[in-house]
Structure formats: structure tokens, C-alpha cells
Amino acid sequence: MKCAKLINGKIKIIETEKPALNNEKGAIIKVLGCGLCGSDLVKIKHAESQNEDKIVLGHEVVGIIEEINTDIRNFKKGDIVALGHHYPCFKCEKCKNQSYSMCKTFKNSNIFPCGFSEFIKINENHLKYTVYKMSDSLKDEQKALLEPLSCTLRAIRRAGFEYNKDNSKFNSLVIGLGSIGLLMLKGLKAFRVEAFGFDISKERAEFALKEGFSFDENKKYDVVFLTAGSSKAIKTALEKVIDGGKIIVFSSVEDDISGFSNNEIYYRELSIISSYSPEPKDLELSAQLLNNKIVKVDNITTIYTLDNLSKAIDDSFNNKIFKAYIKI
Ligand SMILES: [Zn+2]
Ligand SMILES: [Zn+2]
């Protein structure tokens, strides 16, 4: 089968053996497609040839269950599912502290061999915690947004908001309106938080405006979400957040120097909170919001074929598109 691999810093589509269950509890998924995540881009950019072998590219998978060897959650052959790649142990100190993405099991769990592959193998814990049946009424590239949307939902929860509560007296600003910023805005709307969006790119700000998310430069915001991946955005976040407010750090930055001012955080009593990856219950809520069209995700994705993965990566690095979906 075909599978993407990073070799000497370049993406190659190689021929490799199709994964097999060999009586293990789990499933083989025939991949229909996989989203290209910002974290894949970071991995590609910072890859060093000696550890390229360990890099797993692609985790926003949508596919069909081709073979299954467990009756967990009643999945069966032929089900169309979307999935995430990591699950926590729910037992360790990190898990007890709700830092699920810091759990060792979480970090070490993964799909095999990678999302940009004709088939993948997943285990029983994936089926238990990270796999969701997706509605036929969604396009495959929309189903593949299960995991990225779930990441934003966890960030919204870590900001202190609960789903199904009236959060409308709070307002929020998302800085950085790429695909993840747009999903964050849509997630905030689903949580009934008043949501505004800012981007230095006029084009991106206009796209968000068309989706119903404006920017009011005279306003201060209760919560500011940083999805821009630029340390310059930190200054904007500090300017726009209310005294006593929260800043949610949701992306890495290239030039990771100071950025946040100790005294400003102290004297203004700001809370700086980070959120990295989803926990299983965010995947569950994400499936519910997508399947029931509470979060609508049209026009975010550009479709590429596996042979064009390199182009998808280049276009993403050059901000030519919001999000690439690789049809397998
Ligand atoms: Zn992702
Ligand atoms: Zn754990």
C-alpha cells in the first residue's frame, strides 16, 4: 500500500506493507482521507534526519472500518468513522489532574503507520476513546475536522466554559483566523460565548466576517485565544484582554523569547492558560456538534491527492489555503 514518509526532510510516497491485526484487539481502517494539521507542518519543519523514522504524519483521519476484532462500542465492518490518534490512561497523576495530554500513555499512543496512508491499524483503546461514527450528510473533508474541532473545544473548556450553559455574558477574541481560529470561533458560538476574531491578514479577517465573526477594536475581551503562531500576537492579546481576564495559549511560536510580561500579568491579575490536544470527551462533543450541524464547516478545506501531499504542505506553509485535506 501507499504511505507518506519523511525522508531527508522531503515527503516521499512509498510502498509499504498493509498493516494486519494478527489476532490483536483493534481494527484496520481503509483511509478515505486525512487532514493536514498545523502540528504536522511543525514536525516537518523541525525534523532531523536521525529521528525522521519516529515522526507520524497525519492524524485527522476519516475512513471505513475494513476489519475489526472487538465488539467495543458496537463498531462494525463498513462503519464510516473519523478519529483522533492519542488517548490517556485515566489513571496516572497527570490524568487525575486533568492534564490528559501530558499523560505518558497519551503521548505514546498513535495510529499505525500514519494518517497519509491507504490503511491504518488502530487498537482497542482508540476504538474506546477516539473513534466516532460520522453522519453520511457530511462530506469526508468535513468529517475529518473531528479532531481539530475537538482541540478547540478543550481550549474553550479550559477557559472555564461549559457546554449547555448560558455563557452569553462573556465575550472572547480569537487572534489568528486560519482553520483552527475559525473552528475556535464556531466552537465558542456553540458554547454561546460572544465571539470575535482578529487577524493581521485582511483576507482572513474578511472570511471570518462572512462567517459572522467581526472584530471590534474598541472592545476589551474576557478571554483571548491565541491561535496565530506568532509572538507578535501576544502583544495584541495583552492589549485586548480585560484586567483579570484570561489568555489561552493554543499554538507554538517560532521566535519563542519573552512575549509575556511578568509584571503585566501580575498587576493586571491575568490568567495565562494553555491547551494542547483534546481529551476523549472533547472528541465526543466534536462528533455531536459536527453530526448535528451545530458547528457547520463549509469552505474551510482544500482537497489534494496523496501524490500532491508536498504541494498541500507548501500551500499551507505559504498561507495559500486554510486547511488541506488529503484524499487517499
Ligand atoms: Zn490536528
Ligand atoms: Zn494518564
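Colleague: How many helices and strands does the secondary structure of the protein come to?

Modeller: This is a predicted model, where local features need pLDDT of at least 70, side-chain atom pairs count only at pLDDT 80 or more, and totals for chains, interfaces and linings use all residues. Residues are numbered from 1 along each chain as its sequence is written, and chains are lettered from A and ligands numbered from 1 in the order in which they are written. Helices (H or I, at least four residues) and strands (E, at least two) are DSSP runs, numbered from the N terminus. The secondary structure comes to 12 helices and 14 strands.

Colleague: Which helix gives the most to the largest nonpolar core?

Modeller: A nonpolar core is a set of buried Ala, Val, Leu, Ile, Met, Phe, Trp, Tyr and Cys residues joined through C-beta atoms within 7 Å. The largest one has 90 residues, and Leu146 is among those that touch the most other members. With 7 residues, the top contributor is helix 7 (residues 179–190).

Colleague: Why does this core lie between domain 1 and domain 2?

Modeller: Domain bounds come from an automatic or database domain assignment. The core lies between the two domains because residues come from both domain 1 (2–145 + 300–327) and domain 2 (152–274).

Colleague: Is Ser231 buried, partly exposed or exposed?

Modeller: A residue is buried if 20 or more other C-beta atoms, placed from the backbone, lie within 10 Å of its own, exposed if 12 or fewer, and partly exposed in between. Ser231 sits in the loop between strand 10 (221–226) and helix 9 (232–240). Ser231 has 16 C-beta neighbours inside 10 Å, so this residue counts as partly exposed.
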